[in-house]
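Biologist: I would like a close look at one residue, with enough of its surroundings to place it in the fold. Please keep to what the model shows.

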Amino acid sequence: MYNQLMNNLEEMKLYKAKELMEYYSKAVTDGEKTFIEAMSEIMIQEVKLRDERAMNACVKTANFPYLKTDKDFDFDFQPSINKAQIKDLLSLRFLENNENIVFIGTPGTGKTHLATAIGITAAQKRISTYFITFQELIAQLKKANYENRLQEKIKVYTTKYKFLIIDELGYLEMDDEAANLFFQLIAKRYESRSTIITTNSPFSKWPEIFKNPSLTNAVLDRLLHHSSVISIKGPSYRLKDKLIYDESSTESGK
Ligand SMILES: Nc1ncnc2c1ncn2[C@@H]1O[C@H](COP(=O)(O)OP(=O)(O)OP(=O)(O)O)[C@@H](O)[C@H]1O
Ligand SMILES: [Mg+2]
């Protein structure tokens, strides 16, 4: 009988229940728990495990470059960042309002890290989230365009992903087609989906990147209408130790 129960639990993929059965069966036999108490506790644990699995699957699907959160972020190192504003974004209220976030700053200032931290928070709440570099996104849209299935692809990027993180806009030159495809995506997501963009280019430089001032305006208009812009001015964290080394070596050289 016990073996059959174990097999059935395995068959039904109730792995946690299977693992806990021996303990709870003894607890019921010894009169420490009622049958209902035991069943209830087993099911709570089983549901918890399922939730954790679903959460982890969501984070995995999101394709983050690394799994770093706000807890890994040293706000003291980058004082130009308003910590309260980041905490507010981590509450994910902006997602309910379909607002966007733009992180602007020089290399190594934490743009990807913070975008990822917000993305992980969303994915853990099982909000469909996807992280992609601008370059990869454009490559995918161009491919779809070439294969005559652009609208299908843009639909995937608007309906499938409630939250899209586009990393590294403006790091490479853009051709006409790329600018156009990007505009189409932003226009489709406008007011119905949230997007994070990270870039090292101030908005004043965007017309140069897009090489088309009216298209740039159209993109910026939609992107910034409901948005938070976080401009990070400070040193690169990547060079943190290098800078300390330089300072100390200068001092010792005095
Ligand atoms: N304030 C910080 N505290 C802790 N780690 C940080 C901080 N800022 C950046 N880092 C770390 O430094 C590295 C570079 O940061 P990040 O990837 O966010 O840079 P970036 O602003 O996106 O730069 P780039 O424009 O070159 O892509 C990452 O490993 C990140 O986790
Ligand atoms: Mg980055």
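Biologist: Is Glu-168 buried, exposed or partly exposed, and how many other C-beta atoms lie within 10 Å of it?

Modeller: This is a predicted model. Glu-168 has 18 other C-beta atoms within 10 Å, which makes it partly exposed. The reasoning is short: a buried residue needs 20 or more such atoms and an exposed one has 12 or fewer, so a count in between is partly exposed. Glu-168 sits in strand 3, which covers residues 163-169. Its backbone deserves a look, since phi is positive, at about 70°, although the residue is not a glycine.

Asn-63 can be set beside it. Phi of Asn-63 is near 70°, again a positive value in a residue other than glycine. Asn-63, however, is placed in a loop, the one between helix 3 (35-61) and helix 4 (83-90). With 15 C-beta neighbours inside 10 Å, Asn-63 counts as partly exposed.

Now for the helices around strand 3 in the sequence. Helix 8 (residues 150-160) and helix 9 (residues 176-189) pack with their axes 10 Å apart, at an angle of about 40°. The two helices are therefore oblique to each other, and their crossing is right-handed. On the helix 8 side the contact uses Ile-154, Tyr-157 and Thr-158, while helix 9 brings Gln-184, Leu-185, Lys-188 and Arg-189. Sorted by class, that contact holds three nonpolar, two polar and two charged residues.

Helix 8 also packs against helix 7 (residues 134-146), at an angle of about 145° and with the axes 7 Å apart. Here helix 7 contributes Gln-140, Leu-141, Ala-144 and Asn-145, and helix 8 contributes Leu-150, Glu-152 and Lys-153. This contact of helix 7 with helix 8 has three nonpolar, two polar and two charged residues.

Helix 3, which precedes the loop of Asn-63, has a packing partner of its own. Helix 3 and helix 6 have axes 8 Å apart and meet at an angle of about 140°. That angle makes helix 3 oblique to helix 6. The crossing of this pair is right-handed. Met-55, Cys-58 and Val-59 of helix 3 make the contact with Ile-120, Ala-123 and Gln-124 of helix 6. By class, five of the contact residues are nonpolar, one is polar and none is charged.

Helix 6 leads on to the ligand. Helix 6 (residues 111-124) supplies three residues to the shell around ligand 1, the largest share. In total 19 residues surround ligand 1, and the closest are Pro-107, Gly-110, Thr-112, His-113 and Tyr-237. The shell divides into four nonpolar, nine polar and six charged residues.

One further residue helps with the scale of the chain. Lys-205 lies in the loop between strand 4 (194-199) and helix 10 (206-210). With 14 other C-beta atoms within 10 Å, Lys-205 is partly exposed. Its C-alpha atom is separated by 43 Å from that of Glu-52, and the two residues are 153 apart along the chain.

To return to the residue you asked about: Glu-168 is a partly exposed residue in strand 3, with a positive phi of about 70°.

How values were computed. Residues numbered from 1 in each chain as written. Chains lettered and ligands numbered in written order. Predicted model: local features only at pLDDT ≥ 70, side-chain atom pairs only at ≥ 80, totals over all residues. Near = placed C-beta within 6 Å. Helix = DSSP H or I, 4+ residues; strand = E, 2+ residues; numbered from the N terminus. Nonpolar A, V, L, I, M, F, W, Y, C, P; charged D, E, K, R; others polar. Axes fitted to C-alpha atoms, helices over the stretch in contact; angles between N-to-C directions. Parallel < 35°, antiparallel > 145°, perpendicular 65-115°, else oblique. Left-handed = near helix turned anticlockwise from the far one by under 90°. Contact = placed C-beta atoms within 7 Å.
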